[in-house]
Amino acid sequence: MKFAVQLYSLRELAAREGAEAVLRTVSEAGYNGVEFAGFYDLSPQQMKALLEKYHLEPVSAHIGADSVAPSMEYIDTLGIGNIFVPWVARETFDDEASYQELCQKIKDAYALLKDKALFGYHNHAHEFEGGKDRLARLLSDLPFLKAELDVFWATVAGLDPVKYLEGLGDRLAFVHVKEAAKEDPVHTAQPIVGEGAVDMRGVFGLMNRKKIGWAVLEVEQYPCGEAEYLRRSLENMKKLAK
């Protein structure tokens, strides 16, 4: 198993010190790759040079369906093999006309990607609110779409993330490894991976059984410095992945 960092996790470091500091921090912490959430206003060639300098694989990116077409130069130049829609509002799912428009946008984006990259969807908690499973409907209506399940948000929504991951079958592509505090997780800093409320042993056991190749760390709120969090979480993830 390889390990990547969703670069949204380091947005504050990027604001303080810039893109190169972000990639250097990920590399020095021992990770294999990155998942993009924007490209820091660098050209594809500039970003490729930085990835090569820090020996990081551009494994995936969060790109909205509307933004796939204008991002194709980055996808092609960097060789990003996995693209995930990062967010869709609950209101879009619950209004039928808006939902059908979303599905068409995803189909249009997939037409650009299907020979180049896997296309999937990354959840939050609202996909499961009100007794509905909006992610399941989306996957049913779009058979080509894969899932990048965020186990933090699944936990916040009251799901057993391991059972949900199991139920995704071959539609599961990636897992967002994000820890949850035991109380008020939405408003509390995430503990080091493996030291919180998420059943990370079960999550990694399932990832191993399904031969999921990448674990993608994401952090919303830190309990310590960014570099320390990345390093300590990677140590625990490697143990959990054995």
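## Exercises around helix α9

D160 caps the N-terminal end of α9, with a side-chain oxygen 3.0 Å from the backbone nitrogen of V162. Keep in mind that this is a predicted model, and let's work through the region together.

**Exercise 1.** Work out which residues of helix α9 are buried and which are exposed.

*Solution.* Start with the extent of the helix: α9 covers residues 161–168. Next, pick out its buried residues, which are P161, V162, Y164, L165 and L168. These lie on the same side of α9, because they cover an arc of only 165 degrees around the axis. An α-helix has 3.6 residues a turn, so residues three or four places apart point the same way. Finally, turn to the other side of α9, where K163 and G167 are exposed.

**Exercise 2.** Find what covers the buried residues of α9.

*Solution.* Look at the helices to begin with: the cover includes α7 (134–141), α8 (151–156) and α10 (200–209). Then add the strands, including β6 (146–150) and β7 (172–177).

**Exercise 3.** Follow the chain past α9 and describe the setting of R171.

*Solution.* Just after α9, you meet G169, which takes a positive phi of about 55 degrees. Go on to R171, in the loop between α9 and β7. R171 is buried yet has no salt bridge. To check this, take the nearest side chain of opposite charge, D170: it is 5.1 Å away, while a salt bridge needs a distance within 4 Å. Now look for a polar partner: the backbone oxygen of P143 lies 3.3 Å from a polar atom of the R171 side chain. To finish, leave aside neighbours within four places in sequence; R171 is then in contact with L139, L142, P143, F144, L145, K146 and A147.

Definitions and conventions
Residues are numbered from 1 along each chain as its sequence is written. This is a predicted model: local features need pLDDT of at least 70, side-chain atom pairs count only at pLDDT 80 or more; totals for chains, interfaces and linings use all residues. Side-chain values use heavy atoms; hydrogens and water are left out. Buried means under 20% relative accessible area, exposed over 50%, partly exposed in between (1.4 Å probe, protein chains only). Helices (H or I, at least four residues) and strands (E, at least two) are DSSP runs, numbered from the N terminus. The arc is that of the directions from the helix axis to the C-beta atoms. Contact means heavy atoms within 4.5 Å. A polar contact is a pair of N or O atoms within 3.5 Å; within protein, one must be able to donate a hydrogen and the other to accept it, and residues adjacent in sequence count only if both atoms are side-chain atoms. Lys and Arg count as positive and Asp and Glu as negative; His and the chain ends are not counted.
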